[in-house]
Amino acid sequence: GWVLTTARGRGTLVPAQLQAADGHTAATMSSCRVFLFHHIYFMLTVAFSQRDRRWAQQKLGNGSLTMSQAGCAVTASASMLASWGVSTNPGDLNNYLRDHGGYVNDNLLVWSALEAFGAKLERYISCITTPAPISELETYIASGYGIIALVNATPGSKLSAHWIRLL
């Protein structure tokens, strides 16, 4: 699974509950953007992969890239929504967003479009120039918030942005 650290590929490991739902490579929280969503209740954990053959080759939004290539934000969002009991998956969510103005510039997710599923954007935290507030994120997770974070998927090298859902 993901190993999230507090400083560009080095530093202390964060607790296991801050792992990505998609279970792929290591990532850092040194350069990140965090979106906090709140919902009335929290259910089980549902994990999806953007590389799942059921939607991997589906075009993301109205662009030329596929879900496998660039569908991490939609996949993380679908995981959060499905865990809240919304009947969706990355392919279905992508179709809905494409048909209901959920993308700008062909395939950039409009975060407010998730409100149609009961997810209200509560807060945006920028950790581009400062370390991620790990203890604050743990508190939000324990309180039932869904957290979608943009992290560096290749620690110690040029930023390789990847959206994940924190658990």
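Cysteine 72 is buried, having a relative accessible area of 10%. Cysteine 127 is buried as well, at 0% relative accessibility. The structure described here is a predicted model. Across the whole structure, the search for disulfides returns 0.

**Salt bridges**

Side chains of opposite charge can pair when their charged atoms come close. In this model, 4 salt bridges are found in a search of the whole structure. Three of the pairs are described here, with the distance between the closest N and O atoms given for each pair.

| Salt bridge | Closest N and O atoms |
|---|---|
| Arginine 54 and aspartate 52 | 2.8 Å |
| Lysine 120 and glutamate 122 | 4.0 Å |
| Glutamate 136 and arginine 123 | 2.1 Å |

How exposed is arginine 54, given as a relative accessible area? Its value is 58%, and because exposed means over 50%, arginine 54 counts as exposed.

In the pair of lysine 120 and glutamate 122, both residues have a side that is open to some extent by the computed values: lysine 120 is partly exposed at 48% relative accessibility, and glutamate 122 is partly exposed with a relative accessible area of 39%.

The pair of glutamate 136 and arginine 123 joins two elements. Glutamate 136 belongs to helix α4, which covers residues 134-142, while arginine 123 belongs to strand β6, which covers residues 120-127; the salt bridge therefore ties together parts that are 13 residues apart in sequence. Glutamate 136 is partly exposed, with a relative accessible area of 26%. Arginine 123 is also partly exposed, at 33% relative accessibility.

**Strand β7**

Strand β7 runs over residues 146-152. How many of its 7 residues are buried? The count is 7 of the 7, so the strand is largely enclosed by the rest of the structure.

The burial can be followed on each face of β7. On one side, Gly146, Ile148, Leu150 and Asn152 are buried. On the other side, Ile147, Ala149 and Val151 are buried, which leaves both faces covered.

Which strand pairs with β7 over 6 bridges? The partner is strand β8, residues 161-166, and the two run in the antiparallel sense. Within this pairing, alanine 149 stands opposite isoleucine 164 in β8. Alanine 149 is among the buried residues of β7 listed above.

Note on methods: Residues numbered from 1 in each chain as written. Predicted model: local features only at pLDDT ≥ 70, side-chain atom pairs only at ≥ 80, totals over all residues. Heavy atoms only, no water. Disulfide = S-S within 2.5 Å. Buried < 20%, exposed > 50% of the residue type's maximum accessible area, 1.4 Å probe, protein only. Salt bridge = Lys/Arg side-chain N within 4 Å of Asp/Glu carboxyl O. Helix = DSSP H or I, 4+ residues; strand = E, 2+ residues; numbered from the N terminus. Pairing = 2+ DSSP bridges.
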